[in-house]
Every structure is written in structure tokens, then in C-alpha cells.
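Q: I would like to go through this structure with you. Could we begin with the terms and then turn to the details?

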Amino acid sequence: MSYAKELLVAQLAVQRAARLTKQVFADSAKGTVSKSDASPVTIGDFGAQALIIAALKKNFPDDEIVAEEEAAKLREDDSLAEHVWNLVKGTRLDDEKAEKEVLGGSVQSKDEMLDLIDKGDSKGGRSGRIWAIDPIDGTKGFLRGGQYAVCLGLMVDGDVKVGVLGCPNLPVDDAAELSADIGNGEGRGVIFSAVQGEGATSRPLTTGALEEGKRIGMKKITDLSAASFCESVEAGHSNQGDAAQIAQKLGITRPSVRMDSQAKYGSIARGAGDIYLRLPVSKTYQEKIWDHAAGDLIVREAGGQVTDVLGRRLDFGHGRTLAENKGVIAAPAAVHDQVLKVVQEVLSV
Ligand SMILES: Nc1ncnc2c1ncn2[C@@H]1O[C@H](COP(=O)(O)OS(=O)(=O)O)[C@@H](OP(=O)(O)O)[C@H]1O
Ligand SMILES: [Mg+2]
Ligand SMILES: [Mg+2]
Ligand SMILES: [Mg+2]
């Protein structure tokens, strides 16, 4: 089955949503509010989610959607809602055909926008077509001017078929070295995409029509001592002490690159880095499907392997979380087993 239409809609929807998040970053007020788990959400997260869901509902009205955010905070605070609405109604692609004919044009009213945001409340599961949206992955990174990603994946019967990551602050150049260095000016902004069985690509993130994509692939490494690995910036999201020990046992000499969001998956998929380690910190935290769906497919289509620390494939069919997985190890297929073995020794699992 071809997913050409899904891919096109997803890429353009991500491109339009990233235009909104970049606008929020450029403005001084980010409208940051704290969620019940104390994590931040901004007007950028709400606005990007509204725009993506609007495009999905226009093209695929019967599909279900699992999205990170909900409109409750906006329904309680009309000035915050108004702020998001001003952004949503003012953000469109420069390419009129793509904006109107593919994405369906503007959202009609503030109330419609709030209802759209709340359409991301599917429970997920193992049957049917379900989109996973993270409107801003790495909100903390976004706020500090670091890496973040606008993430969209389509699962069919629990299997990821299409994945798109918009990374406004990564270099466009696939050959640029993996770096914690941040910036949002010239030469930045890339979209990674993959369709199951068709490989992975990167293309510049624009504000109009899609540019031509280039095939990407993981780096072919045989000697792990030369590898570079990346992990989360936040120590509360991944055990950095365990990662350092694992790197040492693998003979990796370069320090890890700490980078926010699924930009890590995109970076290793294009060979800028080799390994992404996300090691459990808490026994109870369940990873969310929107934090991994697109990245998992993009890395696997680029020649990588992605498992949890027990060597199991990430299972997106358990609902809104990866309830049956612990942590993530993403690496080139040829060395994944070797990395997994050392992870298991260090974690004693
Ligand atoms: N306790 C805990 N453990 C693991 N992961 C957690 C935890 N808390 C949050 N999150 C999720 O981490 C998402 C951010 O991704 P990263 O950890 O890769 O980036 S970062 O360096 O922490 O910014 C972040 O995504 P966003 O909320 O979209 O920013 C969270 O969903
Ligand atoms: Mg969040
Ligand atoms: Mg996230
Ligand atoms: Mg998010």
C-alpha cells in the first residue's frame, strides 16, 4: 500500500506547524504554563497541535489521533487562548496551492481551534489508523533555544507506516558534525521523513512548497571506539551515569552529545551520530508514543535498529504509552547487538 498522500500531508503539516513554533520563538512572550506533571507547555505547542490536527481532519476525517496536548488550560484562560488563536489564524504556508488544496486552509474560529486541539485524545491501540503528534518535542529545549522537533507519525494496526520530524534548529547539511551547538539562523531547519519499506530522506524545512528530498542512511561503523553517541539534555529523562559507563565499556572515547528531542533520532539516521541511548531513570515512567513513533521508523528505514534495553522492538500498540518497553537503544543494525549486550551488563537486566 502506498502512503504518498499521507506523507505529503504530514510533511506540509509539519512544515506549517514549524513556521508557527519559529514565530513563537522569535516573539518575546512564549505563554509558558506548567502542566500537572510540572513540565512546560507553550502557546507554540498548542498552536502547532491545532494546525496539524486541522490538516489531518481535512484529509483523513476518520483517522484517530493521539496527541500530547489538550485544550483544558486554554478553556480556563481566555487571554492565553486568544494568544494561541492569533498565531493559528496568522500562520499559513507561502505556497497557496499547498496551503489550500493540501492542508485545507485556515481554521475558522477560536472555538474550532480548541475543539481541534482536543481531537488528539484517542486512547491509541493495536487496530486501525492512528496518528501520533508531538507538536513540540523537547519543549525545554525549545525554550532554551536548543533542539526541538515537530513530530508526526502514522500507525496502522500498531505498526508505524509514516514518520516525519521537523527540526528547525538542526543544520540542513546532512554531513554537518553532530554537535550540541545550537542556533536557528542561516543553514538551519530540516525535515526527516520515512515510509515503511521505502527508506528515509531529509530535505530543508521551508515555509512554502516541499523541496526535493535526499536519501539518508546510518553511518557504517565497524569500530565502536570511533562512535559518537547522543542522549537527552535532561538528566531526569535518561540515566547519564549509566550511559557514561556503557560508552567506556564499548571503548567510546568521545563525550556524548546532549541534544533535546527526537532530533537525536534524525541525527543518527543521517549518520551525523551513531548511537542514541535513552536509559530508564525511574521504574514507573512510561515513554509516550509521540516521543518515539516517527524517530523509530526513520532510524529503521535508514538502516538502524531500535529496541528497548531488553532488546524488544518498541511496541506502539499498547495505547498512549510504550507500556511494555523500558528505555531506547538506537544504533546501526550491524552493531546494535554489541551495544545491547553492554547496556544489559551495566544495567544488570
Ligand atoms: N521522566 C521522564 N523520563 C523520560 N522522558 C520524559 C520524562 N519526562 C518527560 N519526558 C519526555 O521527554 C521528552 C523530551 O525528550 P528528551 O528527553 O529526548 O529531550 S530533553 O533533552 O529532555 O529535552 C519530553 O517531550 P516534550 O514534553 O514533548 O518536550 C517528555 O515527553
Ligand atoms: Mg511535554
Ligand atoms: Mg515529546
Ligand atoms: Mg511535546
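A: Helices (H or I, at least four residues) and strands (E, at least two) are DSSP runs, numbered from the N terminus. This is a predicted model, in which local features need pLDDT of at least 70, side-chain atom pairs count only at pLDDT 80 or more, and totals for chains, interfaces and linings use all residues. Residues are numbered from 1 along each chain as its sequence is written, and chains are lettered from A and ligands numbered from 1 in the order in which they are written.

Q: Which elements each supply at least two residues of the shell around ligand 1?
A: Strand S4 (129–137) and helix H7 (139–143) each do so.

Q: And how many residues surround ligand 1?
A: There are 21, and the closest are Ser 232, Val 233, Glu 234, His 237 and Asp 260. A residue is counted as near the ligand if its C-beta atom, placed from the backbone, lies within 6 Å of it.

Q: What is the make-up of that shell by class?
A: It has four nonpolar, nine polar and eight charged residues. Here Ala, Val, Leu, Ile, Met, Phe, Trp, Tyr, Cys and Pro count as nonpolar, Asp, Glu, Lys and Arg as charged, and the others, Gly among them, as polar.

Q: Which domains does the shell draw on?
A: At least three residues come from each of domain 1 (4–216) and domain 2 (224–347); the bounds come from an automatic or database domain assignment.

Q: Changing topic, which residues touch the most other members of the largest nonpolar core?
A: Ala 13 and Ile 298 do, in a core of 111 residues. Such a core is a set of buried Ala, Val, Leu, Ile, Met, Phe, Trp, Tyr and Cys residues joined through C-beta atoms within 7 Å. Buried means that 20 or more other C-beta atoms lie within 10 Å of the residue's own, exposed means 12 or fewer, and partly exposed is in between, with C-beta atoms placed from the backbone.

Q: What does Ile 298 contact, leaving aside neighbours within four places in sequence?
A: Its contacts include Gly 163, Leu 165, Phe 192 and Tyr 265, a contact being a pair of C-beta atoms, placed from the backbone, within 7 Å.

Q: Where does Asp 157 lie?
A: Asp 157 is in the loop between strand S5 (149–156) and strand S6 (159–171). Its phi is positive, about 50°, although it is not a glycine.

Q: Is Asp 157 buried or partly exposed?
A: Asp 157 counts as partly exposed because it has 13 C-beta neighbours inside 10 Å.

Note on methods. Two residues are in contact if their C-beta atoms, placed from the backbone, lie within 7 Å.
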